[in-house]
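These are my notebook entries on a structure that I went through at the level of chains, contacts and single residues. Each entry records what I looked up and what I found.

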Amino acid sequence: MTYNLLIRRGRVIDPASGRDEELDLLIQGDKISGMAKSIPEPEGAEIVDAAGKIVLPGLIDMHVHLREPGFGHKEDIDSGTKAAAAGGFTAVACMPNTEPAMDNDSVVYSVLRRASEKGHVRVYPVGAVTKGRAGKELAEMGEMLKAGAVAFSDDGSAVSTSHLMRCALEYLTAFGAPVIEHPEDKSLSEGGQMNLGLNSTIAGFRGIPREAEEIIVARDIALAGLTGGKLHLTHVSTAGSLELVRRAKARGLRVTCDVTPHHLLLTDDMVLESGYDTNTKVNPPLRSKEDVEAMKQGLIDGTIDAIATDHAPHHVDDKWVEYDYAEPGISGLETAVGLILDKLVRPGLISWSRMAEAMSLAPAKILGVPGGVLNEGAVADITIVDPEREFSVNTRDFKSKGKNTPFQGWRLTGMPWMTIVGGKIIMRNGTIVS
Amino acid sequence: MTLRGKDLLSLREMSPEDIESVLSTARSLKEILSRPLKKVPTLRGKVVCTLFYEASTRTRASFELAAKYMSADTVSLQPSGSSVQKGETLSDTARNLEVMGTDVVVMRHPVSGACHFLSKVLDIPVINAGDGMHEHPTQGLLDIFTILEYKSRIRGLKVAILGDILHSRVARSDIFGLTKMGAHVTVAGPPTLLPPGLEDLGVKVCRRVEEALEGADVVYVLRLQLERQTKGLFPSKREYHDFFGLNRERLKYAKEDALVMHPGPMNRGVEITTDVADSPRAAILDQVVSGVAVRMAVLYLILGGETSDL
């Protein structure tokens, strides 16, 4: 019997069991086969000295744009999953706003085939709710599930009408998959470039009111109540949305939500402070200080289930233009862990366990995919973090083709050190090795 | 402090000292406009480029005349097609102009912040001639200049701004410039055309036009930007005129010697009646004269002149 990997003396965090202790961790094949205080060195095993490091269940980013098929100049499965591995993610769920849209099983198959050829981490396709993401009729969601999709979303837009959202939630109860909703009432947000408020008044932009998000959040929660369907609200950004989610959870509805690192950390002050830097343009827009505080509170108290990056890589040509003409979005995979560690874990706002829950266990549960736990017999998807390593965010180091980040130059402490997928080391100290 | 080589992007970001230096320079230069031979050699050999992505009559003419009166050479471009229509990018167009030897670019653009973007693209100074709904700083400066000519002070004056504040770059520049100089600014207009947060900028927001006009030293009427209206912000021109337009009756709420101003072009009979616009209290054409003087001052200072040299 050949053991392939022994991870020694790391601080092992497993939110599912509450475990937080220094352990050795033995990996055989693609499974964790042993966890103990001291495991004797098996013959022929690779030894990883993780002393001083934090060993987490593999991080899962449940909202990324890999841009393939159709937008290979922005990102592709190769570059996007390299970015994921470099950022400490062992799996990503990719959104269907591709060209063509991922709205049928053949596109799901082709993405999965490309992922098996070119991918560096696990790829979970999120299929479109409606054909062509056009919001007119339901896509063949059952067929897409059979092909390997894990959830459904018309991301980029909300599901167009209350009727279709009702149907989607209701129909999917037969399959158990969630709808991942991008909550935005376009009739209120149309033409808006940033959050509505004093800053939009000063900057001279039409503002996007918080209510554009909250109206759809409220609608969808009502429909989750009506149908018993699984609703996941992605990139929530307002205090009001969280209040609605809080009440929905108290009612016992199957409603979950995620927040992005940028909505946890940045405010709309940044648009003016940066002199209209288009890297501050994102949808939903950066909100106010009060909203940011509410996001942190929601993450602490569990109203927010997960952290997802909404990794939205763009080509420089899509950003080096006037603000209105710039594409919205932030390339987030390679900054998320550093930001969450430096700004939330180190100051003690959230624990290591809460971080692992929000970035691994909760996404695994919501998507119904393996991972999220560290125990004997579990899949060997593991993220090891160096909590003391300091670095500056520099887009030149990005594996992603998307260099669009408002965090350029930020000094952060704590970064991903090793990414292990299915027992195989994919990233070691910033370098993609497999 | 000097404006030499600097951008002029907004009055919000402009120091009171720089504003004063433009105003005093404009006072010296204005005299040139009344000479029989309107030409001084001050900017000989300098090239001023006006780059207008949006239609304009007076602002472009005003900048070009200002440059020509000081012997600068001018080149004007009006690239067709904005937004989606994929022409040459702003960055490429502007860098071409820069390498051809342009000393300053004066840009008007439909997108807020476009001049800030341009200033990152170019090493030469950028003057904002109106960007989207953001600012129109030389308009703000010429408005202050005009008020000063009539009232000799800004501090303590009550200025009522009426109309479509939401879409108005003129309103923003006036608000920032006038409050910086110590004026009390009140605004009134259809609530759908008043953006949030104005109180935080030191502006008093009134529900009724009459309330805003009460005791005003200056009444500033904004153009109702019909072309910018998203449907549904107000029901009709007629109703706008009836409730929010400036007419002789409403003007009685202001001080007897109140100055009436408008950035032009006017929609007569909509935001302002003809009798008010053409009354002796209207300083609307004076604003246009001030505009040339202020733009001469701005070009002069940015292209390297000192107030003390005049």
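Before placing residues in loops, I note that helices (H or I, at least four residues) and strands (E, at least two) are DSSP runs, numbered from the N terminus. The model I am reading is predicted.

**Entry 1. Backbone of the loop between β6 and α1, chain A**

I first looked up Arg67(A), which lies in the loop between β6 and α1 of chain A. Its phi is near 65°, a positive value in a residue other than glycine. Is Arg67(A) buried or exposed? I find Arg67(A) buried, with a relative accessible area of 9%; the cut-off for buried is under 20%.

I then followed the chain to Pro69(A), in the loop that runs between β6 (59–64) and α1 (77–86). The peptide bond from Glu68(A) to Pro69(A) is cis, and its omega is near 0°.

**Entry 2. Other backbone features**

I looked for another positive phi and recorded Arg133(A), where phi is about 55° although the residue is not a glycine. Arg133(A) sits in the loop between β8 (122–127) and α3 (141–147) of chain A. With a relative accessible area of 25%, Arg133(A) is partly exposed.

In chain B, I noted a cis peptide bond between Gly264(B) and Pro265(B), with omega about -10°. Where does Pro265(B) lie? I place Pro265(B) in the loop between β9 (259–261) and α10 (274–277) of chain B.

**Entry 3. Chain B as a whole**

I counted the secondary structure of chain B and have 11 helices and nine strands. The radius of gyration of chain B is 19 Å, close to the 19 Å that the globule rule gives for 310 residues, so chain B is as compact as a globular protein of that length. Along its principal axes, the C-alpha trace of chain B spans about 55 × 45 × 35 Å.

I also looked up how the residues of chain B are covered: 60% of the 310 residues count as buried. The accessible surface of chain B is about 12800 Å², and 51% of that surface belongs to carbon and sulfur atoms. For contacts in chain B with a separation of 6 or more, I record that 75% come from residues 24 or more positions apart.

I checked the segment before α1 (16–30) of chain B, where Lys6(B) lies. Lys6(B) is partly exposed, at a relative accessible area of 32%. Its C-alpha atom is separated by 9.6 Å from that of Ser119(B), and the two residues are 113 residues apart along the chain.

**Entry 4. Aromatic rings**

I asked how many aromatic pairs there are over all chains. The count comes to nine. I looked up the pair of Tyr171(A) and Phe175(A), whose ring centres are 5.5 Å apart and whose planes are at 50°, so this pair is tilted. Tyr171(A) is partly exposed, with a relative accessible area of 41%. Phe175(A) is also partly exposed, with a relative accessible area of 41%.

I went on to Phe234(B) and Tyr240(B): the ring centres are 5.6 Å apart and the planes at 55°, so this pair is tilted. Phe234(B) is buried, with a relative accessible area of 18%. Tyr240(B) counts as buried at 2% relative accessibility. I record one aromatic cluster formed by Phe234(B), Tyr240(B), Phe243(B) and Phe244(B).

**Entry 5. Charges over rings**

I searched for charged side chains over ring faces. Lys53(A) lies over the face of Trp417(A), at 4.5 Å from the ring centre. In chain B, I found Arg295(B) over the face of Phe63(B), at 5.0 Å from the ring centre.

**Entry 6. Contact between the chains**

I note that the size of an interface is often given as the accessible area lost when the parts come together. Chain A and chain B bury about 2000 Å² between them, with 63% of it on carbon and sulfur atoms. Which three residues of chain A supply more of the area that chain A buries against chain B than any other three? I find Thr201(A), Trp320(A) and Glu322(A), which supply 30% of that area. The contact takes 20 residues from chain A and 28 residues from chain B.

Methods
Residues numbered from 1 in each chain as written. Chains lettered and ligands numbered in written order. Predicted model: local features only at pLDDT ≥ 70, side-chain atom pairs only at ≥ 80, totals over all residues. Heavy atoms only, no water. Phe/Tyr/Trp six-rings, centres within 6.5 Å; stacked < 30°, edge-to-face > 60°. Buried < 20%, exposed > 50% of the residue type's maximum accessible area, 1.4 Å probe, protein only. Lys NZ or Arg CZ within 6 Å of the ring centre and 35° of its normal. Rg over C-alpha atoms; globule rule 2.2 N^0.38 Å. Contact = heavy atoms within 4.5 Å. Areas by Shrake-Rupley, 256 points an atom, 1.4 Å probe, with all protein chains shown as cover. Buried area = accessible area lost by both parts, 1.4 Å probe.
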